[in-house]
Amino acid sequence: MAQNKLNIKAEAKNLNFFYADGTKALKDVSLPVYENKITALIGPSGCGKSTFLRCFNRMHDLYPGNRYEGQILLHPDNTNVLAKGVDPIEVRMRISMVFQKPNPFPKSIYENVAYGLRVRGERSKSAVDDKVEEALKGASLWNEVKDRLQDLAFNLSGGQQQRLCIARALATDPEIMLFDEPTSALDPIATVNIEELMSGLKSKLSILVVTHNMQQAARISDYTAYMYLGEMIEFDATDKIFTNPSKKETEDYITGKFG
Amino acid sequence: MATTQLLKDLPVSKRLAKNIKRNFIERVIEIILMLSALTAVFITVGIVYILVTEASGFFSDVSVFEFLTSRQWSPLFEDAHYGILPLISGTLTTSFIALGIAVPIGTVAAIYLSEFASHKARETVKPVLELLVGVPTVVFGYFALLFVTPILQKMIPSLPTFNMLGAGIVMGIMIIPYIASVAEDAMRAVPMQMREGSYAMGATKFQTAIRVVTPAATSGIIAAYILGISRAVGETMVVAIAAGQQPTFTFNPLEGAATITAYIVQVAMGDLPHGSIGYQSIFAAGMVLFVLTFLFNIIGHLARKRFAERY
């Protein structure tokens, strides 16, 4: 809260989402994503928090029949990324994502991190070298892998693989990073590493993170949104949500009476 | 130690005693299952046994050196020569042409079906492709001889009626569905989350297919190629009908030549006396075929192990 001026980086407005089978998974959801802050999405399984997260980089476009209604405005463009004229690939170039299970590609450590640059057509060897090193340092992985960059990424431990996926996402200088339960497949030590990493990253970008773990939300986030059955129940500063929520449902979930 | 002995001496209660009938039935079932599994092994051993015994009769008359180095194969002539090289050159040339057609087209078809085709398109194209598998190979043979070769002869007037090019091309067409189908299964087995990782980085469908899915499915794709090679090397009817029956040591696809399989068919259809050198020669040729396929399978196995999936 040290910064006095809050900028909105992205903003969901009255977002509805329908899966191909007609299920309405998000109901009129609105949420601001503040610049250089971590916003956590919490709520019981099936509440739509992952579905919501995946709207921001248009991941639902990969499966035919899914449908968005409403807006997610991306700033400074002030453009609705869900609009028909928007190219989802351009959106993903600026909003990157880290998944629940580490999903490195069947390539070397180096090529995993370089992937986004290669996809963007970067040809200069030295530019790629620099970016890979910078991203691996940014993901606190450089010291562990600098002597074996040509090793297959699958040889890394689960926690290292997840940090590699973060490095991969960082290498292209995204403006927003989406984390979909990034530590749920990791052990406690790897989890702490990732959490520290995320806290360090927010000086460079804005973060939206889905988590099952309320303590994690309390530890790392600046803002927290509680979702239930596809609706946004409450959004506020994290300390407010965890000490003095204004909605009864939020309090019940936070205190463990439910969920 | 003392306690175990003490426990051993305790009588076993009837309710906990071993059920002899149940154990017996289990054992019988296990043996039946094992015998079924061993059938394939017995048959393979039997085939190898016959190949080796009959071929050893052949090699008591013909030196292995001549067999492997002579460039003439004419076991049924007055002036008999027993060099397997012409048959090997025919087999390799036709197989090479076939794979040159089937590997690229099959791989591209697999990438399309797995990564690009809509559900509806896949459900239409795949059955049609697999229909090709059901066409009898003799039909493909005449397709090569009466349809493909005349077209080729328009382009290359000097092309003889029996030639390895036409036979190889048609054999390749025949193998496409095998490679496409097995390679597509391997690509579809790549977990969706790996594709999502690529798309999330801003990759296009094509970039994802080429840079992520194909390397992830390498081991399965190699298996598809090995299956294709085995089919090509062992294919009989197409080459027997369209490539000619004249054993010629040549790698020129514009000539006709006999393959190992074509020679075996040719001799087997004739009326050679059992035990004659001509009769035994088909087992020697068969053994070479067996060794060739076996070698390709081993190479394929090693390659698959090298690229085994680890996601």
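**An all-helix chain and its sheet-bearing partner**

Reading chain B along its sequence gives the pattern α-α-α-α-α-α-α-α-α-α-α-α-α. In this predicted model, that comes to 13 helices and zero strands for chain B. Chain B is also rather spread out: its radius of gyration is 27 Å, whereas a compact globule of 311 residues would come in near 19 Å. Along the principal axes, the C-alpha atoms of chain B take up a box of roughly 90 × 65 × 30 Å. As for burial, 38% of the 311 residues of chain B count as buried. Contacts in chain B often bridge long stretches of sequence: of those between residues at least 6 apart, 74% link residues at least 24 apart.

One helix of chain B makes a handy example. Helix H5 of chain B covers residues 119-134, which is 16 residues. From first C-alpha to last, H5(B) reaches 23 Å, close to the 22 Å expected at 1.5 Å a residue. And how many of the 16 residues of H5(B) are buried? The count is zero, so to speak a helix that is hardly covered.

Next comes the place where the two chains meet. Here 17 residues of chain B are in contact with 20 residues of chain A. On the chain B side, the elements giving two or more residues are helix H8 (192-200) and helix H9 (205-216). H8(B) gives the most, with seven residues. By type, this side of chain B splits into nine nonpolar, six polar and two charged residues.

Chain A brings in some strands. Six of them form an open sheet in the order E6-E7-E8-E3-E9-E10 (chain A), and the pairing is mixed. Why do E6 and E10 of chain A each have one side without a neighbour in the sheet? Strand E6 (95-98) and strand E10 (231-237) stand at the edges with a single partner strand each, so one side of each is left free of a neighbour in the sheet. On average, neighbouring strands in this sheet are turned by 20° against each other, ignoring direction.

Within that sheet, strand E3 (residues 38-42) and strand E8 (residues 206-210) of chain A run parallel and are joined by four bridges. Thr39(A), for instance, has Leu208(A) in E8(A) as its bridge partner. A helix joins the picture here too: helix H7 (residues 188-201) of chain A packs on the sheet and touches E3, strand E7 (176-180) and E8 of chain A. The direction of H7(A) makes about 150° with that of E8(A).

Notes:
Residues numbered from 1 in each chain as written. Chains lettered and ligands numbered in written order. Predicted model: local features only at pLDDT ≥ 70, side-chain atom pairs only at ≥ 80, totals over all residues. Pairing = 2+ DSSP bridges. Axes fitted to C-alpha atoms, helices over the stretch in contact; angles between N-to-C directions. Contact = placed C-beta atoms within 7 Å. Nonpolar A, V, L, I, M, F, W, Y, C, P; charged D, E, K, R; others polar. Expected span 1.5 Å × (residues − 1). Buried ≥ 20, exposed ≤ 12 C-beta atoms within 10 Å, placed from the backbone. Rg over C-alpha atoms; globule rule 2.2 N^0.38 Å.
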